[in-house]
Amino acid sequence: MAQQPQRGGGDRNRRDNRNAPAVDGPDSDIIEKLVHINRVAATVKGGRRFSFAALMVVGDGKGRVGFGHGKAREVPEAIRKATEEAKKTMIKVPLRENRTLHHDGNGRWGAGKIMFRAAPPGTGVIAGGPMRAVLETLGVQDVVGKSTGSSNPYNMIRATFEALKVQSSPRTIASKRGKKVADLMGRRNDGASAPVETAEAVES
């Protein structure tokens, strides 16, 4: 007589395996954006051989972003290579109130020149092309950006990352200068109109 399988045993194991991918690593929340794809032709004996180059931007929408480029004979393979490289080169950028940058920035790479400014709530992402893709995957919600140089997507991406690398938060500056965050924030809020005694107190 055939032995009846135990009820629930096999299903429970199968259920555990099915739910295992839900507890994923840090790549589960990664946002991927294809910025540019280019067809490259190499002249070889017997004709021309085509391949594709892809430029990808990835980020978690919470202050981490990276970019990468990949080249392959097929478009999906080029995108996969670019995505893997982008994930390996992600950088951490501090965000103010999890919506905008802490201060204005300028970046340059080759002939590419960009600038961006922090913006009040409700402004949105006012930027175009590759710069917009970087800022959106980074998690910026309010910013004003403009490209004043080359429109080459590779140069624009690198110029944007050069500007993001020098972004710093008040906490980082305060720790380097041995001051309190409240002192730095008080100075920024008061600006040039701050009383002399207040400025002297912040300096001490």
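This report describes confidence, strand pairing, burial and salt bridges in a predicted model.

**Confidence**

The mean pLDDT of the chain is 78, and 71% of the residues score at least 70. Among the elements of the chain, helix 2 (residues 75-88) has the highest mean pLDDT, at 93, whereas helix 7 (residues 196-203) has the lowest, at 37. Two stretches call for caution. Residues 9-24 stay under a pLDDT of 50, and the model gives them zero contacts beyond four places in sequence. Residues 189-204 are also below 50, with eight contacts in the model beyond near neighbours in sequence. Where pLDDT is low, the predicted coordinates should not be read in detail.

**The hairpin of strands 1 and 2**

Strand 1 (residues 31-44) runs antiparallel to strand 2, to which 13 bridges join it. The two strands form a hairpin with two residues between them. Gly46, which lies in the turn, has a positive phi of about 105°. Ile31 of strand 1 stands opposite Gly59 in strand 2.

Strand 2 spans residues 47-59 and includes Met56. Met56 has a relative accessibility of 2% and therefore counts as buried, the cut-off being under 20%. Leaving aside residues up to four places away in sequence, Met56 touches Glu32, Lys33, Leu34, Gly66, Phe67, Gly68, Ile79, Ala82, Thr83 and Ala86. One of these contacts, Ala82, is 26 residues from Met56 in sequence, yet the C-alpha atoms of the pair are 5.7 Å apart in space.

**Helix 3**

Helix 3 covers residues 129-138; seven of its 10 residues are buried, so the helix is largely enclosed by the rest of the structure. The buried positions are Pro130, Met131, Ala133, Val134, Leu135, Thr137 and Leu138. Gly139 follows the helix and has a positive phi, near 110°.

**Salt bridges**

The model contains nine salt bridges. The table gives three of them, with the distance between N and O atoms for each.

| Salt bridge | N to O distance |
|---|---|
| Glu77 and Arg80 | 2.4 Å |
| Arg80 and Glu84 | 2.6 Å |
| Glu162 and Lys165 | 3.6 Å |

In helix 2, Arg80 takes part in a salt bridge with Glu77 and in another with Glu84. Glu77 and Arg80 are three residues apart, about one turn of the helix. Arg80 and Glu84 are separated by about one helical turn because they lie four residues apart in helix 2. The relative accessible area is 30% for Glu77, 37% for Arg80 and 39% for Glu84. Accordingly, Glu77 is partly exposed, Arg80 is partly exposed, and Glu84 is partly exposed.

The bridge between Glu162 and Lys165 belongs to helix 4 (residues 153-165), where the two residues are three places apart and thus separated by about one helical turn. Glu162 is partly exposed at 29% relative accessibility, while Lys165 is exposed, with a relative accessible area of 53%. Elsewhere, Lys33, Arg132 and Glu136 are joined into one network by salt bridges that share partners. Lys33 is also among the residues that Met56 touches.

Notes: Residues numbered from 1 in each chain as written. Predicted model: local features only at pLDDT ≥ 70, side-chain atom pairs only at ≥ 80, totals over all residues. Heavy atoms only, no water. Buried < 20%, exposed > 50% of the residue type's maximum accessible area, 1.4 Å probe, protein only. Contact = heavy atoms within 4.5 Å. pLDDT = per-residue confidence, 0-100. Pairing = 2+ DSSP bridges. Salt bridge = Lys/Arg side-chain N within 4 Å of Asp/Glu carboxyl O.
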